[in-house]
Amino acid sequence: MQNPQSQQATDVIIETRNVSRVYPGVTALDQVNYRVYRNKVNVLIGENGAGKSTMMKMLAGVETPSSGEILLEGKPVSLTSTQQAEKRGISIIFQELNLFPNMNVMDNIFIANEFFQRGVINEKYQYALAKTLLERLELDVDPYAALGELGIGHQQLVEIARALSKDTRVLIMDEPTSALSQSEVRVLFNVIEQLKRRGVTIIYISHRLEELMEIGDHITIFRDGRFISEREVRDASVPWIIEQMVGDKKKHFDYHAAAQGDTILQVEGLTALHQNGGYKLNDVTFSLRKGEVIGIYGLLGAGRTELFKGLIGLMHCQSGSVLLNGENLAKRNFQQRLKRGIALVPEDRQAEGVVQLMSITANMTLSDLSLRGFRRALRMLNPGKENQRVNEMIGHLAIKVSDAELPITSLSGGNQQKVVLGKALMTGPKVVLLDEPTRGIDVGAKTDVYHLIGNLAQQGLAVMFSSSELDEVMALADRILVMADGRITADLPRAEATREKLISASTPQA
Ligand SMILES: Nc1ncnc2c1ncn2[C@@H]1O[C@H](COP(=O)(O)OP(=O)(O)OP(=O)(O)O)[C@@H](O)[C@H]1O
Ligand SMILES: [Mg+2]
């Protein structure tokens with residue numbers, strides 16, 4: 001007590017000293033002194049590409065520092081593999097899902113961490129433990145269910161169950177809630193509280209400020225690969241945090257309605273059934289004009305993703321019609337619809353958006369699947385053209401990248417999301433469907449995406465985007481559709497939309 005210095009020292013469970021990590025062309029971390037406080041929820045925030053995930057990879061043994069050292073309980077440690085880090089009690093839930101869709105839920109939970117009895121996997125024990133863990137997460141899923149059949153939010157909970165199955169002293173969660181619904185976030189927060197009571201130290205990364213303020217005890221801010229500041233959360237205000245994050249690059253978005261033209265998309269009675277009865281889409285009717293921005297608000301599972309998939313032909317609809325410029329698309333498949341001018345930026349960039357091993361350029365130009373011939377011709381005529389367009393797009397979206405020929409996995413999570421966006425725009429669409437376009441994007445870059453959507457509308461494109469953030473829908477959309485249980489429960493012009501109306505329309509009727 002007498003010596004605050006030593007008091008603090010024992011409160012620090014992990015400390016980095018001058019840790020740097022250099023990749024070709026980028027200094028992801030620059031001489032960072034970062035402290036993790038024992039038995040606290042340590043929240044970490046910073047713009048896309050600030051170095052958060054890179055730091056976590058060092059602590060979890062996935063990557064090693066280029067220089068500097070990591071101290072655990074005051075002693076230097078070398079963490080050169082995840083096994084090594086786990087042996088010391090540090091485990092990580094990655095930003096990007098790290099699971100095997102073809103395997104069942106249980107095997108995903110215990111992979112590389114199986115329980116053996118006399119040399120064979122103790123299946124009975126694992127099953128029981130899996131069940132307990134899933135129940136703790138209030139996830140009503142059979143441990144034998146194939147993982148790939150679960151929605152992305154539930155998959156993320158399975159990833160969390162996997163971390164809970166290990167004996168963990170320090171649990172790192174890198175954007176664990178980006179795919180979770182509000183109620184799933186509540187469950188996760190309860191689990192975090194439980195873990196804390198058992199003495200576990202948590203590191204929690206998120207771009208959602210309200211979450212950080214609620215769950216965090218201690219906040220640290222990184223900017224451009226550097227440590228900027230830290231504080232007790234109770235002493236930190238939102239404006240202070242934003243200022244620390246962005247420095248002097250402040251950004252602001254003003255809504256301007258674009259001039260609206262003719263109806264370009266007309267959807268009538270679109271209905272899709274679940275195999276087990278129930279509706280994925282239930283009699284969905286609306287129309288979209290050129291220059292119009294429609295925001296779709298709804299909770300996870302409300303049918304937003306299904307609507308987009310139905311529109312672009314990735315999901316079969318039993319009845320109803322989709323007219324694009326008056327042409328019925330019923331007989332048109334995904335590729336044909338793409339060619340006619342509908343583009344989709346999917347929600348789950350890992351599964352549907354990016355090809356991990358390919359370069360940023362290749363990923364962006366990949367969307368022209370149906371236009372492959374055109375692209376090949378273009379490349380023969382003018383090999384520089386592709387790169388030029390990619391570079392334009394990188395500039396346009398402010399993607400933080402040192403070299404477009406690097407693999408896409410070299411980008412931070414939020415910047416990968418921007419590549420997926422750029423990819424859809426490269427097809428020269430007339431109607432752009434954006435499924436949760438700002439998921440995993442930092443507050444500054446969100447403004448970039450808002451500007452981009454505004455610009456698309458100004459250019460006469462019709463835009464539809466989904467979001468589970470009320471403020472976002474209200475800030476951006478000319479018109480707001482609310483979905484619940486596969487139905488459209490409200491269709492409101494901007495001026496009539498209030499938080500209350502949107503929330504009440506989004507609540508499924510029991
Ligand atoms: N393997 C790699 N090769 C090259 N550059 C990399 C690699 N991994 C990360 N980087 C770069 O390091 C920087 C920091 O990335 P990092 O993933 O740590 O950011 P982040 O703070 O987690 O961002 P986000 O909020 O978008 O997830 C980025 O500029 C990124 O492009
Ligand atoms: Mg990250």
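How far is an oxygen atom of ligand 1 from an N or O atom in the side chain of Asn48? The distance is 2.7 Å. The model is predicted, with local features requiring pLDDT of at least 70, side-chain atom pairs counting only at pLDDT 80 or more, and totals for chains, interfaces and linings using all residues. Residues are numbered from 1 along each chain as its sequence is written, chains are lettered from A and ligands numbered from 1 in the order written, and side-chain values use heavy atoms, with hydrogens and water left out.

The backbone also approaches the ligand. A backbone N or O atom of Gly51 lies 2.9 Å from an oxygen atom of ligand 1. For Ala50, the corresponding distance is 3.1 Å. Taken alone, ligand 1 exposes 640 Å² (Shrake-Rupley method, 1.4 Å probe). The protein buries 91% of that area.

The shell around ligand 1 holds 20 residues (a heavy atom within 4 Å). Asn48, Gly49, Lys52, Thr54 and Ser410 come nearest. Five residues of the shell are nonpolar, eleven polar and four charged (Asp, Glu, Lys and Arg count as charged, and Gly as polar). Helix 2 (52-59) gives the most, three residues. Strand 2 (26-32) and helix 16 (413-425) each supply at least two (DSSP runs, at least four residues for helices and two for strands).

Asp435 belongs to strand 20 (residues 431-435). Asp435 is buried (under 20% relative accessible area, 1.4 Å probe, protein chains only). It has no salt bridge (side-chain nitrogen of Lys or Arg within 4 Å of a carboxyl oxygen of Asp or Glu). Arg304, the nearest side chain of opposite charge, is 5.4 Å away. The Asp435 side chain instead makes a polar contact (N or O atoms within 3.5 Å, one able to donate a hydrogen and the other to accept it) with the side chain of Ser466, at 2.7 Å.

Methods. Buried means under 20% relative accessible area, exposed over 50%, partly exposed in between (1.4 Å probe, protein chains only). Lys and Arg count as positive and Asp and Glu as negative; His and the chain ends are not counted.
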